[in-house]
Amino acid sequence: MAKGKVDALLGIVFGDEGKGKVVDVFTPRYDVVARFAGGPNAGHTIIFEGKKFVLRSIPSGIFDEGKLNIIGNGCVIAPDLFMAEAKELEDAGYDLKSRLHISRRAHLILPTHRVLDRAYEAAKGKNKVGTTGKGIGPTYSDKASRIGLRVGDIEENFLQKYQALKARHEQILSDLHFTDYDITEEEEKWMEGIRYMSQFPLRDTEFEINQALAEGKNVLAEGAQGTMLDIDHGTYPFVSSSSTCTGGVCTGLGVAPNSIGEIFGIFKAYSTRVGSGPFPVELFDETGEKIRDIGHEYGAVTGRNRRCGWVDIVGLKYAIMVNGVTQLIMMKSDVLDTFETIKACVAYEKDGVRTTEMPYDTEGWQAVYEELPGWQTDLTQMTSPDQFPKAFQDYIDYLEKALERPITIVSVGPDRAQTIER
Ligand code: GDP
Ligand code: IMO
Ligand code: MG
């Protein structure tokens, strides 16, 4: 956490690695916390002092009064959902307006973007992505098509611009024969959300961040989703629509590559994925169910079952490479406390071909495993690495050797306090 640098904390699997928890733990060490990609498709859970919050668009540094939180230009934002999320925090006693700035360059998710999300999914039939339904893909598509609405558009002729984009969406929906929808109520809430959002500082946040860096302050970039859901590096087309990797930090905040400091890659002691798409380590047996049950692997946004499997060294190595990860953070170690043996995927195999490099098309590959002894010890009360049982220490050593990066933080429970630094 060098002064004058942006450190990035990135999910390096399929999302839901525990980013929210660690950003919250890290916040006291930073001056600014910023989200650079994604929108309310994210669900970041933070638990402390008996309280639990699930953040979607608001950065996880929001609970620390003195810190500036930024929703960066690379994000997409739904005003109605933002209002609901922010009001819940205000009701819990957190004064947001003094500590949360929103980039004028962030794009707005319209109610019709969400209808388009449903329409495109329906049209894909069996090949649907299994999106969160929050309008993420259509909003980023409009951004790339140069017809999107930005937060800064709220300031001038907004209704006119809104109606024009909405009409365009309605035309597409009509062309797709997807006409059975009614957004009347949603639109009312959305407009209320626009008025509410206007009370926040809407800023050119790239100047604020660079000014902070020039003053020697440090910034924590909070990732959303994960590397395998990245629009370029993930399991395309079963991905989200933003750049979730280190490169996305630069474009999504307006900071130069040479301002990036540490790159924390966060993963779970096992793997999960929500939605469709290839997942070579997926377990369809009772072991997979046991991981889901103990790990409460149900989506924070949609409540869907998360698909579960063993840790995937092929995927992690690829993510470490494309992100330039400097340190690893292993979450949810406690979930494996009762397993007699643990497996790790060390290669993929298809039609007699074995690879340790992430293939172009991950469909149809089988995982090749190595087996390790489980620790069969309760980790949840531990506070120092000295207390780790040998088999757990061996698992950490094994992963560090395979991944060639240090695991500097180990999480042994969902609470802020259940975080062990090594
Ligand atoms: P994010 O999207 O990366 O912020 O992760 P999510 O919040 O979607 O999912 C992580 C889930 O695991 C949340 O329910 C957390 O409360 C929980 N969690 C985080 N760390 C740990 C841990 O070390 N052990 C256990 N058992 N749960 C954890
Ligand atoms: P956090 O930040 C897990 C998945 C969806 C779907 C695909 C595309 O909490 O880790 P989208 O709605 O983005 O178009 O959906 O990406 N997905 C996530 N999975 N965690 C997330 O965020 C996700 N955000 C999107 O399930 O498969
Ligand atoms: Mg999540």
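**Figure 1. The shell around ligand 2 has eight nonpolar, ten polar and three charged residues.** The model shown is predicted. Ligand 2 has 21 residues around it, and those that come nearest are Asp16, Lys19, His44, Thr132 and Ser240. The space that ligand 2 takes up is the largest pocket.

**Figure 2. Backbone atoms of Asp16, Gln225 and Val274 lie by oxygen atoms of ligand 2.** For Asp16, the distance from a backbone N or O atom to an oxygen atom of ligand 2 is 2.7 Å. A polar backbone atom of Gln225 is 2.8 Å from an oxygen atom of the ligand. At Val274, a backbone N or O atom and an oxygen atom of ligand 2 are 3.1 Å apart. On its own, ligand 2 has 550 Å² of accessible area, and the protein covers 98% of this.

**Figure 3. Ligand 1 sits in the second largest pocket.** There are 19 residues around ligand 1. Lys19, Gly43, Thr45, Asp334 and Ser411 come nearest to ligand 1. Lys19 is also among the residues that come nearest to ligand 2.

**Figure 4. Polar atoms of Lys19, Arg306 and Gly413 lie by oxygen atoms of ligand 1.** The backbone of Lys19 places an N or O atom 2.8 Å from an oxygen atom of ligand 1. Arg306 approaches with its side chain, where an N or O atom is 3.4 Å from an oxygen atom of the ligand. For Gly413, a polar backbone atom is 3.0 Å from an oxygen atom of ligand 1. Ligand 1 exposes 590 Å² when taken alone, and the protein buries 91% of that area.

**Figure 5. Cys75 is in no disulfide.** The structure as a whole holds zero disulfides. The cysteine sulfur nearest to that of Cys75 belongs to Cys250 and is 14 Å away. A disulfide requires two cysteine sulfur atoms within 2.5 Å, so Cys75 and Cys250 do not form one. Cys75 has a relative accessible area of 2% and is therefore buried.

**Figure 6. Cys245 is in no disulfide.** For Cys245, the nearest cysteine sulfur is that of Cys250, at 12 Å. The relative accessibility of Cys245 is 4%, so this residue counts as buried.

Technical notes. Residues numbered from 1 in each chain as written. Chains lettered and ligands numbered in written order. Predicted model: local features only at pLDDT ≥ 70, side-chain atom pairs only at ≥ 80, totals over all residues. Heavy atoms only, no water. Buried < 20%, exposed > 50% of the residue type's maximum accessible area, 1.4 Å probe, protein only. Near = heavy atom within 4 Å. Polar contact = N/O pair within 3.5 Å; in protein donor to acceptor, adjacent residues only side chain to side chain. Areas by Shrake-Rupley, 256 points an atom, 1.4 Å probe, with all protein chains shown as cover. 1 Å grid on protein atoms, 1.4 Å probe; cavity = no way out; pocket = protein on both sides within 12 Å on 5 of 7 lines; lining within 4 Å. Sits in = over half its atoms within 2 Å of the grid points. Nonpolar A, V, L, I, M, F, W, Y, C, P; charged D, E, K, R; others polar.
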